[in-house]
Amino acid sequence: MRLLLTNDDGYNGKGLEALVESLSSKHDVWVVAPDKNRSGVSHGINLTEPLKICCKAPQKYTCSGVPVDCVINALNGILPSPPDVIISGINKGANIGTDILFSGTCAAARQAALYGIPGIAVSIESFNDDWQYNAIADFVARNAEKLATLCCKDVFVNINAMSANEYKGWKLTGLSKRYYGDSITLYKAPDGHSYSFFEGGNIQTEANSDSDFFVVEQGYISVSRVHAQPLSADDLKEVELNLLL
């Protein structure tokens, strides 16, 4: 298969390198990745500034934009023909449940789905700063074709696992809900301006035994199927409103 790889950690991300190494022996691998870390950019897209595209090696490019920009430019200007699958990651940090809304890694896979191309996002978590990418990269490489079949026009696949050298297995999961408790520190600078510094909060997760969060904590690989298109709340059909024009 022809594969397009991207991420939001940047072109030199160790997770991306692990995927390239694991996938290149059996597939035609192309890389178009951000030229620097673009974590947390969600489904951002550059509409006003020209983007700088640099060829770093045969079939390997950097883009000055965000992950979605990388996908758009790869499909419309870099690759000779559309890829069979787009894989984003391996992200340094989980993208579990609500994290998907903020994740540039997941946004690239979502953009693939919007183009009608199978999209797979891959992320790992570590609580001791020991990041092991090879086992999850090998899982993706061994199962790339099968994982692609879980995608459809409106669905991409989101894979999460702990950083580990081996796993108990894998499970198809639902999505958990996360509450972040974020805050900021506001600093009044000598130049007369105020500067805001983001402070991550203590994340609380609402999860059941079938959720991505629970499965990852138990030592399994979580595989979730995620809608790319926004869905309206079904219960709105039952609401009666007297709106004024």
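**Exercises on helix packing and pockets**

Helix α2 crosses helix α3 in a right-handed manner (clockwise turn of the near helix from the far one, by less than a right angle). The model is predicted, with local features requiring pLDDT of at least 70 and side-chain atom pairs pLDDT 80 or more, whereas totals for chains, interfaces and linings use all residues. Residues are numbered from 1 along each chain as its sequence is written, and side-chain values rest on heavy atoms, without hydrogens and water.

**Exercise 1.** Determine how α2 and α3 are oriented, and which residues meet.

*Solution.* Step 1: locate the helices (DSSP runs of H or I, at least four residues). Helix α2 spans residues 67–78 and helix α3 residues 104–114; they pack at an angle of about 30°, with axes 8 Å apart. Step 2: classify the angle. The value makes α2 roughly parallel to α3 (under 35 degrees, on a scale from 0 to 180). Step 3: list the contact (heavy atoms within 4.5 Å). From α2, Pro67, Val68, Val71 and Ile72 meet Gly104, Ala107, Ala108 and Gln111 of α3. Step 4: sort these residues by class. The contact of α2 with α3 holds 6 nonpolar and 2 polar residues, and no charged ones (Gly counts as polar).

**Exercise 2.** Describe the packing of α1 against α4.

*Solution.* Step 1: take the geometry. Helix α1 (residues 14–23) packs on helix α4 (residues 134–149) at about 40°, with the axes 9 Å apart. Step 2: name the orientation. The two helices, α1 and α4, are therefore oblique to each other (neither under 35, over 145 nor 65 to 115 degrees). Their crossing is right-handed. Step 3: identify the contact. Ala18, Leu19, Ser22 and Leu23 represent α1, while α4 contributes Asn134, Ala137, Asp138, Val140, Ala141 and Ala144. By class, the α1–α4 contact comprises 7 nonpolar, 2 polar and 1 charged residues.

**Exercise 3.** Characterise the largest and the second largest pocket.

*Solution.* Step 1: the largest pocket (open 1 Å grid set for a 1.4 Å probe, protein on both sides within 12 Å along at least five of seven lines) holds about 400 Å³ of space. Its lining (an atom within 4 Å of a point) numbers 22 residues, with Ala94, Asn95, Asp99, Tyr180 and Ile203 nearest the centre. Strand β5 (85–92) and helix α3 each supply at least two lining residues of the largest pocket (a strand is a run of E, at least two residues). The largest pocket's lining divides into 5 nonpolar, 10 polar and 7 charged residues. Step 2: the second largest pocket holds about 240 Å³. Among the residues lining this second pocket are Ser42, Thr98, Arg110 and His227. Its lining has 5 nonpolar, 4 polar and 1 charged residues.

Conventions:
Grid points are joined across faces, edges and corners, and a volume is the space filled by probe spheres set on the points.
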